Each structure stands twice: as structure tokens, then as C-alpha cells.
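Colleague: Could you take me through the salt bridges in this one, slowly? I'd like to know which side chains pair up and whether they sit inside or outside.

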Amino acid sequence: MTDRTATAVDTDRLPPVLPGVVAAAVASLPPRLHKRLDATVERVAGVPVAPVEGGVSVDCGPEALVTLTPGPTGAVTGPEQASCSCLLTPRCLHRTAVLVACPVADQSTHPASTVAALAPSAGAGAATGRTGKNGRAGKNGRVGSAAGADGTAAAAPTKAQRAAAGALWRAAAAVLAAGVPAAGAVAQAELLRAAHSARLAGLPRAESAALRTVRGLRAHRGRQAGHRLAELVEVLHDLLYVAGRLAAGDPDPALVGTLRRAYQPDGTLEVYGVCREPVISATGYAGVVTHLVAADGRRLSFGDVKPGGPDRARDCARAVTEMGAVAVNHAVLARGGLRITGTTVSPDGRLGAGKGVRATPLTGTDWSTGPLADLFARPLVEVVTAQLAADDPEDPARAGTALVGGDLLVVGAVGDQVLARELAPADPAGADRVPVPDGPLIRLVPVNSHPALSHVANLRRLASRPGLRIRVVGRLDPDRASTLRPLAVGAVPGATVTLRLPEEWHGRADLGYDQIQGGHLPPRDPATMAEPVLAVDADAVAESPLWRVRRLVELAVSGGRRAVAEAARGERAGLAGPLRRAGFTTAAAVAAALADESDRRGRDTFGRLTDPDPDRYAWAWLAAAAHLAATERELIRSSWTAPPAG
């Protein structure tokens, strides 16, 4: 007998579902029920989830109990794993709404879906099918193609790949024209169907962008905490960029991308721990990743990330994960090392944990010796500006993810941000190092502000000691002026006013897990404290008139084409003028072109108004978004080299 005892009013308890399963369910739903689907999804999202043998159930009303029975991976990977007790199943509103309410599963971590073919959704065209956040655009907003890495021409996309990319382009252009309020379950299902086709065609980057777009749409429509409209703009930008260029036959191999978990044998490796990082993903996964440096200088990682939420990320502080025949404690590994045989490594540097892997512990080293010292061998500003100046990276999702290290002087705080300046090289006389003359004012912001983690509390503790010298490992924030997101901090070698961490911490503290206490800080000594910085001028991006372009680009996503047209009518003269006067002439041109295209309507042979072409509007939006991203990136790069304000 089915157990219908509710356990929690929380859709996060629903299992993830592969995109193809959701798309097939929506496609099979009678068109007359499409208008009711979004409202039904909202209703079932608040219904208690009950455990049943092998899965969960959702009570959708009289004689309508939807049961989900995930496979071994914890995800629903086939249509037979979702059923409803009503008479209309499987083409029923209840089953479809529950599947839509489930998180979207990452297909790279689950077996292929058993959905053999997906029915086309109503209204899908038959046309064949150009920028992500890091898409490179010239001053005129156009995007060029690239040759192969060896200088020879790369192979053009196949006919199947161009067709799959064309379907993604049409689905994404329709979402852009409609805007978030109108991009409900049916529009999302079309994106999921196209993502499934992209996977079958061997287009992992396009597939990933489509899935992230759907998750962003759901988060924005559901007003989920922590979601930012800028993130949805960014991922929709990447989706249209990749799909458009592939559909047009661009041979750049970076557009195809690589499968994230294609592990390859790598012989014997010696690796040393840098730090631990808690992980809380938007896709329902959580855990810990330990960052490592190999003896040959490569940056690697080893993780324990599984379905779960913030509690799992917090509880993984000392998690033990199997690496072949060895149990690896992440807290120990982050401050120690391993000699690994039978190693397998993915293209993005993740260590595998297959049965053939063997590992023996190595004596831990601090950050100032061995291969870990290379993290601090170059000036921080030099490393960061090199990252920002890099040409179109193969995977935009990796932009700003490489770890960087530097020695900083804490000078104050603004909110949750620690303000600091980079220290000059060591003084031969042995005196405490002083800031680099005319160096930028650097902001340290939390990697994750969730209260279950310690990032915010630790940064506040550090900010309480102006004059404190700290060694920092973290990531560049590519979207904000002179900003880092620190993962760990340590004592600056040779400094007197620096951290005093416990011996067992090996000279560093993981900001997400370790808790810095008052005793870990030097005594308050007015003679050694820096003059605190109490206020900071707006950053380079905020000071520029580019906010007008960003507002228009974001309005296009949040409100759709009509919202852009209405806004443009109200401020036509005030949009381009300030941009031109500030020297942003191309930004003024692409913004004006987007405004004009949003309000354009065609007429048929009888003079009647027709629906506007979504392709031309999508191209105009892409030109504006691409130029905005490139210009803001250059302003952020300059913020690392310009002297501090005031």
C-alpha cells in the first residue's frame, strides 16, 4: 500500500529529472492544457512530498497521486519512472506538472535517458538554424570565427550539429522575445528538448548553456533567494552566442566544448593540498572540493559533491571520500599531500576515484615551500590582469575560476567586503612589507554568504584589524572592479603583524570551514595598525554611463521585447546621448539599434501588422550584450592597474 505520510513541504525533496523526460512529457500534453500548466506547477511546488517504496509521491488531488521512482543515480531518467493514478496518465496535467517542478538533472552525471525520441512541441518551425558572457566582440559587435589550435582550419559543424544548434537558437530567441514572465513551462520544455538534441549531436557546451538557462528562468520566476538577473542574462547570452555561431557553420572547436568528466589515465602524481571549498549548487548538489597543486605545477581538485543542500556542504568539513582503495579525509588532504598511482584526471583537472587508484600520504607543506609557493611567485595584479586579458576561453563557465594567490594588507571594510592593498616584495632589511605604491584598492567578498558556512564571519574578523598582513588564495571576480573571492588565508612569511594560526592548521585557514578567533589575530597595537579606509568610491563599471546599456539588456530578459520597446519610447533621447558624450559611441549605437528593433513591426501584403522577426531582435540584443560584456571587462581590467581613488 502506498505510504502517503508527508515528510516536508519542499520541492527540493523531489528528485532531479533528465531534460528529455520533462520535454517529452510537455510535448505529449494536449495543447488545451498548456495554459493551465504553469499554474499547476506552482500549486504542486507547495504540496508535501511523501516517501514511498523506491521513491516519492506528490498528492495532486482526488485520485491523482504522482509517483516518482528514480534510478540508481537518484535521478528520473526515463518516462516509466513517473506515473500518475489518474485515468489520463501519462498524458495528464498532474504528472507533467510534477516533472516540471523537479530540478533539472545534469546529464553528464547520469546515464543517457531512455527517451528514444522527443515529439516536437506545438508551433516548432523547421528552419535551420551568433555571443556567452565571454564571447569576443569587436567594436561593431560582430563575432569572428577561430582556427584550430595548431593554426589549421578546424572542421565545420556537421549537418546534425547545425540542425541541433538551430533548434536551440530558435528556442532561446523565443524566450528572449517573450521575457521571463512569459517563459513558462512550455517555453522551458522547448529549451530542454533542444538541449537533449544538442547532447545527442555532441554539443556539450550548447547543452550546458541551455540547461543553465532553464534553471535561471525557474529561479527568476520563483524569486529564489540569491538569484541574480545578471546571471540569467549571462547564460542566455552564452546560449545564443554558441547556438548562433554553430548554426551558421562556425568551425571554432571551442563552440563545441568538451565533456567535463572524460577522465584519462595520468600515471603517477604527487599532489599537495591548497584548501577546501564548500559547494552549494543551484542544481541540488552540495559537498566539498579540495584544491590541489601537483608537483609538476598543474592545478587539480578532488571532490565529494552529491545531492544535498547547505547542511551537507557544512557537514563535509571533515568528509572522508574513497579514492580507489584509500579513504581520503578532505581536512587532512587540504593541508597535506598524496602520492597517487593509477591516476585518472578529467580535462578540467578533477582527480578520478576509480578502483585502480592507489594513494599514499605525503608530508604536508606550507604555502611558502614546494610547488605551493608558485601560487605567490608573481605579483597578484600581474596574474589577475593576465587572466582578464586572455582571449576567448574554451569554456566561459571557467572564467575567473583559476586560483590566484597574493599577500595583502587589510585597510578596512565596507559591509561584508574587506578592503586591502597588495604588499610590495619583501624588504631586505627584514621590516614588515608595505603596500605597492599606487596599487589598486582590492575588495575581498565572500565566496558564499550562506549562514551555514563561515565565509562572512571570517571576513568580518579579518576586517577588524586594519594593518593585518594576510596571504590569500582565491578567485578573481570577473564582474566587479578589483575584487577577489578568497577561499583561504594564511600568515605572511616574515611578517610580525599577521595571523597566528594553530600549528595543526599548517599556516592557513579555510574560510568556509575554519573559524578565525580573536586569538588568531595579533594584539591591537596603534603603532602597527593601518589608517582604516572607511568609504570607497564607486567602481569603474558603476561610475560609467554603461549602466544605461545594462539596464536595457537586462530589461529585455526580465520583461521581454515589449518592455524594451516601451522603455525606449520613453527615453529615446536620454539613452544614446550620455553614452556618446562619455566616448562610448559603439555602446550608444548598439543600444539604439536594440531599441529600434524592439519596436519594429512588419506588415503583410495586405498592410496588416505581423509578428516581428525574433531572429533580428535576438541579433540586436546579442550585439548590445556582447559589446557591454567586452567593455565592462576592459574597465574591470583597468581597475586592477589604476591607482586607488582619492
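**A close look at the salt bridges**

Modeller: Let's start with Arg378, which is partly exposed, at 41% relative accessible area. Keep in mind that this is a predicted model. The partner of Arg378 is Glu382, and their side chains meet in a salt bridge at 3.0 Å, N to O. Glu382 is partly exposed too, with a relative accessible area of 39%.

Now for a pair with a different mix. Arg199 bridges to Glu207, with 3.5 Å between the closest N and O atoms. Here Arg199 is partly exposed at 27%, whereas Glu207 is buried at 6%.

Next, have a look at Asp407 and Arg471, whose side chains form a salt bridge at 2.7 Å, N to O. This one ties together distant parts of the chain: Asp407 belongs to strand E14 (residues 403–414) and Arg471 to strand E17 (residues 469–476), 64 residues apart. Both Asp407 and Arg471 are buried. Salt bridges can also share partners, and that is how Arg276, Arg335, Asp510 and Asp514 end up in one network.

Across the whole structure, a search turns up 31 salt bridges. Disulfides are another story, since there are zero of them. Take Cys86: the closest cysteine sulfur is that of Cys84, 3.6 Å away, so the two are too far apart for a bond. Cys86 is buried, by the way, with a relative accessible area of 12%, and Cys102 is buried as well, at 1%.

Terms used: Residues numbered from 1 in each chain as written. Predicted model: local features only at pLDDT ≥ 70, side-chain atom pairs only at ≥ 80, totals over all residues. Heavy atoms only, no water. Disulfide = S-S within 2.5 Å. Buried < 20%, exposed > 50% of the residue type's maximum accessible area, 1.4 Å probe, protein only. Salt bridge = Lys/Arg side-chain N within 4 Å of Asp/Glu carboxyl O. Helix = DSSP H or I, 4+ residues; strand = E, 2+ residues; numbered from the N terminus.
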